[in-house]
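Let's take a friendly look at how two ligands are held by their protein surroundings.

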Amino acid sequence: MVQAPIEKKSANNSSVNTDELKQKIEEIYNLPFPELIFQAQTIHREFHNSSEVQFCTLSNIKSGACPEDCGYCSQSAHHKTESEVYGLMNIEEVLKEAKEAKDNGATRFCMGAAWRSAPDNYQFENVLEMVRSVKEMGMEPCVTLGMLKKDQAEKLKEAGLHSYNHNIDTSPEHYENVISTRTFDDRLETIQYVQEAGINVCCGGILGLGETKADRISFIASLAKLDPQPGSVPINVLAPIPGTPLYEQGVTNPVDNFEVIRTIATSRIMMPKAQVRLSAGRLEMSDEMQSLCFIAGANSIFSGDKLLTTDNPESSKDFQLIEKLGMTRRVKAEI
Ligand code: SAM
Ligand code: DTB
Ligand code: SF4
């Protein structure tokens, strides 16, 4: 008897021809700027309220001493940086931060831990408790804990997790220039477990890692190929951290603002339903630059005066900007 081939599941849509997809993305990315913005706005308006911005707040629930060697990160044990090192925060402290975030307008609370992979012990149980409590407070709970096993993804779903953040960071081609302690495929494996558990995937990356335009196009193709596509796409601009291998690169060769806007607009067109989040890097952006990002289809920001280890604009400044633009803050959480 001939056995049917075992279908190997993957995080990606296998019917997509990657070369054709990259070619399509390249054409969009390189459109004359006004045409690109027009197309992005048209799609944005079809799928979203284009005047609304979602506020998400981060908490660094476990900081530093991470065994991974991500070349941009202040929390890697491989780099000598000034950033704080501490173990998993207790539940009460985290919930205090969550309440402050809610009072300051956040509808999503994202808890990040500097782990290579989520542990299988009481610490994971504590994270599950944090997820349940944040949900009870009426916010969308999100965590980013590094790599997950299948059963951990299932437990997070049971606890009521809304989103799991796990970035691919850059193109598959550029990946090994940035990180050597894990592969692009390791990233996809966790994303697949999260998809299979029915959790919303939050997946994006960083611009300014010394990538080429072709890398940015390939990065967007890798995101757009995910099946289902990510519910949120954080677009970070490298925050150059002294002591990290990418510090010099970030200071001497920062990514051009127009490349950031083109990446946002192309992501909006390729992933119409996603929340596209203007993430790290806003502190250095003018109000006009941030406004162009919103016009290009970004509809979410990280709010609160701190990201994980670096500074972020104060909430009062963000409120002023949103008001100046006649835009509104999203008030309803998806829970
Ligand atoms: N350890 C977990 C992981 O790597 O998935 C979670 C925390 S990690 C800090 C979350 C994301 O923050 C990274 O994937 C990266 O995209 C972003 N990030 C970290 N350091 C950054 C920096 N210096 N500038 C911009 N984005 C950064
Ligand atoms: C994401 O894409 N950006 C956030 C969140 N996901 C976890 C983190 C940004 C970190 C910026 C550098 C820092 O503060 O250490
Ligand atoms: Fe660790 Fe995440 Fe930083 Fe990489 S990005 S060093 S995995 S905390």
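Here is a short report on each ligand site.

This is a predicted model, where local features need pLDDT of at least 70, side-chain atom pairs count only at pLDDT 80 or more, and totals for chains, interfaces and linings use all residues. Residues are numbered from 1 along each chain as its sequence is written, chains are lettered from A and ligands numbered from 1 in the order written, and side-chain values use heavy atoms, without hydrogens and water.

Ligand 1 is surrounded by 16 residues, counting those with a heavy atom within 4 Å. Among the closest are Thr 144, Asp 169 and Arg 187. Its shell has ten nonpolar, four polar and two charged residues.

Ligand 2 has 13 residues around it, with Asn 236 and Thr 309 among the closest. By class, the shell of ligand 2 holds six nonpolar, seven polar and no charged residues.

The table gives polar contacts, meaning pairs of N or O atoms within 3.5 Å.

| Ligand atom | Protein partner | Distance |
|---|---|---|
| Ligand 1, nitrogen | Tyr 72, backbone | 3.2 Å |
| Ligand 1, nitrogen | Trp 115, backbone | 3.5 Å |
| Ligand 1, nitrogen | Ala 239, backbone | 3.0 Å |
| Ligand 2, nitrogen | Asn 165, side chain | 3.2 Å |
| Ligand 2, oxygen | Leu 308, backbone | 3.0 Å |
| Ligand 2, oxygen | Thr 310, side chain | 2.8 Å |

Taken alone, ligand 1 exposes 550 Å², and the protein buries 89% of that; ligand 2 alone exposes 410 Å², of which 87% is buried by the protein. These areas come from the Shrake-Rupley method with a 1.4 Å probe.

Conventions. A polar contact is a pair of N or O atoms within 3.5 Å; within protein, one must be able to donate a hydrogen and the other to accept it, and residues adjacent in sequence count only if both atoms are side-chain atoms. Ala, Val, Leu, Ile, Met, Phe, Trp, Tyr, Cys and Pro count as nonpolar, Asp, Glu, Lys and Arg as charged, and the others, Gly among them, as polar.
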